[in-house]
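Student: Got a model open here and want to go through its helix packing and its empty space. Can you walk me through it?
Tutor: Sure, send the questions as they come.

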Amino acid sequence: MKDILPFLKELLSAPGLSGNEAPIRELVENAWRPLVDEIGVGRLGSLHALRRGNGAEPRPRVLLAAHMDAIGLIVTSIQAGLLHFTQIGGIDARILPGQRVLVHGRNPLIGVVVQPPDRLLPPGSGEKPVAMEHLLVDIGLAPERVAALVRPGDLISFDQPPIELSGDVICGHSLDNRASVASLTVCLRELQSRLHLWDVYAVATSQEEVTLGGAQTAAFEIHPDLAIAIDVTFAKGPGITDYNAFGLGKGLTLGWGPNAHPYLHDSLKELADDLEIPYQVELMPRHSGTDAYAIQVAQEGIPSMVVGIPLRYMHTPVEIVSMKDIRRVGRLLAEYVCRLPIDFMKTLSFEKLS
Amino acid sequence: MSPKKAPVNRTLRVGTSQLRLLERLCTACAVSGDEGEVREIVLEELKPFASQVKVDALGNVLVTHAGKGDHCLRVMLAAHMDEVGFMLVKDDDEGLYRFELVGGIDPRHLPGKTVWIGRDHLPGVIGARPIHLVTPDERRRKIPLEDLRIDVGPGNAGGKVKLGDRATFATTFTRLENSLYAKALDDRLGVATLIELVKHAPDHVDLLAAFTTQEEIGGRGARVGAYAFNPDLAIVVDSTPAFDLPTWDGTENTVFNTRLDGGPAIYVADTSTISDPRLVAHLEQTARDHKIPYQLRQPGGGGTDAGAIHRQRSGIPSVSVSIPGRYAHTAGAIARIQDWKNTLLLLQAALESLTPEVLVAR
């Protein structure tokens, strides 16, 4: 099968901040269109794709959701040709000084986030990280030129091109969660030559990083019988070695906690065991921090599950993911979908599998 | 070898070939003590133009362009080849390396950056703990250097990375309309300037161009270079910070050091050197004569190779001239093409009108 890496690199080269997903949505739509029977855009910007199953109608529906939106910055004011900004999604200001960015003004403008010299900041600033309110973006242009090209409300995306690192890993911005969009694409490609009874709804959701609004409304509109959210999770690495972090490239994760239906959890685990796909169980005592949180409570409630891809340095422009894990998730999803019996919902119980 | 005959009234310019040269120089990695990549470019560029080229014990490239006739004024120019960066110092397995800083880098600029490692510019990244796991209290503190790692991926770069390798920020040379955004503009702008000046050297002086090493860790290359050249005077060409940003509380910025678009910054005094007033006067007079914009760098702070040069032997009258740049010693600095061009014009004109009389005591 076609390697997913080139497509993922395209995804990592596109902007698409929460609420403004058009650039990334277009890329995904082009890639998915030949793989599905219907495709359209939801009212909050999610991409909804349907691949019809082979079962008799009315067919049950499974929703596979991966968010495509990215965190970023937004211009708040302009002073002497320099841009003040705030964040869209969760960003630690300490990773910002020196980041190359793209300011989406009247045309895309390359710029850099700058930390003003300590002498221009409040006394004592040298001892501390510089707060976001004092950071600026410099696009290298004269103030009058900046005024003509940029205005408050213009978006600023990270401009870090994807890079391949050694050991079959990829690095870039927005691997959270375009790694999962890539997995979903692997799954759809796999399904081309396979029989599945269920209708499969693949959705690239919008606005996960801000309100989960894309997933919540997609789940309402599609009204699936089952849903799986695919999102990244923490990989072990510098400063993270606790129970809540997983080996990079050592397998996917299967969520366990209030957002995960125990029956779905067990059925995915069983399948992963059968297929010898390595996985670890991710313990999620509260909010899973994924689209599953919103999907689970759509309509009358939807049995949901979270599948994760370990990722290092989350919410920085140098996130790292193992390509192996991306492919593993794609394969597990495809196999799961193909094996869903038409009467699966009758067997689903809230008690564990016996 | 005779120097190339120069046309009369030639004027130095910053065109495509000069920008391409600067791009090559900025893309090269030359952390203090490991200046080989830049040295190679300098040698390649200047061998056809020089009377003599020497690589000395510290790795300086010492280029002599002899004037016509005996007893020409011996004029030393210096620009440093090295840049700030990192050295890999401990292997933590699975492609993770601890690193130390070489030169003045604010560790607040490290998290979330890409780096190039070693001669092959192998890619690596410096990550940060996810914001999701960082406590509010932690966010109010700097991320200490000891907590950061250079990550080359679990494949460990195929064994091609080793302890002792140098690394730099991985920053692509970029033109932003009339500005340049690049790493190591401090001091590849100076290196490129010296290359142009040697290529268009005047005939009435011995031009002694020192492409120095180890400036970022104390002007060590310049010190021995000045000894070897034994010049009558020295002009150091560097890049100095432009702190010309708004202040946090909107008060007047009186500590801007230099400003972009202000032209070449002439040093009167910094922490390392009181510039020779005769040379300052000569540069100012030249700028006025040729209507070249210039600025005086705000006195105090900082230092250049002049700090080491002016105290060499029995003393060498010295001055520094800098191209202003914002955000030096970070992943990328911003400088104006026009400021570079005006620096070239000023230095060329100043060299052409330079006579021993300039040094006659006033």
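Student: At roughly what angle do the axes of H4(B) and helix H8 of chain B cross?
Tutor: Keep in mind that this is a predicted model. The two axes cross at roughly 40° and come within 10 Å. H8(B) covers residues 337-352.

Student: Is that parallel or oblique?
Tutor: Oblique, because angles under 35 degrees would count as roughly parallel and H4(B) crosses H8(B) at roughly 40°.

Student: Left-handed or right-handed crossing?
Tutor: H4(B) passes H8(B) in a right-handed crossing.

Student: Which residues meet there?
Tutor: From H4(B), B:Leu189, B:Ala192, B:Thr193, B:Glu196 and B:Leu197. Facing them in H8(B) are B:Trp340, B:Leu344, B:Leu347, B:Gln348 and B:Leu351. By class, that contact has seven nonpolar, two polar and one charged.

Student: Switching to voids. How many cavities of 30 Å³ or more?
Tutor: Five. The largest has a volume of about 130 Å³. Its lining has 16 residues, and the closest to the centre are B:Val84, B:Lys183, B:Ala184, B:His329 and B:Thr330.

Student: Which elements of chain B supply at least two residues of that lining?
Tutor: H4(B) again, residues 185-199, along with strand E9, residues 166-169. The lining of the largest cavity splits into eight nonpolar, four polar and four charged residues.

Student: And the second largest cavity, what volume?
Tutor: About 90 Å³. Residues from chains A and B line this cavity, among them A:Arg94, A:Gln115, B:Arg108 and B:Lys142. Its class split is seven nonpolar, one polar and three charged.

Student: Now pockets. How much space lies in the largest one?
Tutor: About 820 Å³. It is lined by 41 residues, with B:Thr240, B:Pro241, B:Phe243, B:Ala328 and B:His329 closest to the centre. B:His329 also turned up by the centre of the largest cavity.

Student: Which strand gives the most to the pocket lining?
Tutor: E13(B), with four residues. Strand E7 of chain A, residues 108-114, supplies at least two. By class, the lining has 15 nonpolar, 16 polar and ten charged residues.

Student: What about the second largest pocket, what volume and which residues nearest its centre?
Tutor: About 620 Å³. Nearest its centre are A:Phe234, A:His287, A:Ser288, A:Gly289 and B:His132, out of 29 lining residues. E13(A) has the largest share of the lining, four residues. The classes come to eleven nonpolar, twelve polar and six charged.

Technical notes. Residues numbered from 1 in each chain as written. Chains lettered and ligands numbered in written order. Predicted model: local features only at pLDDT ≥ 70, side-chain atom pairs only at ≥ 80, totals over all residues. Heavy atoms only, no water. 1 Å grid on protein atoms, 1.4 Å probe; cavity = no way out; pocket = protein on both sides within 12 Å on 5 of 7 lines; lining within 4 Å. Points joined across faces, edges and corners; volume = space filled by probe spheres on them. Nonpolar A, V, L, I, M, F, W, Y, C, P; charged D, E, K, R; others polar. Axes fitted to C-alpha atoms, helices over the stretch in contact; angles between N-to-C directions. Parallel < 35°, antiparallel > 145°, perpendicular 65-115°, else oblique. Left-handed = near helix turned anticlockwise from the far one by under 90°. Contact = heavy atoms within 4.5 Å.
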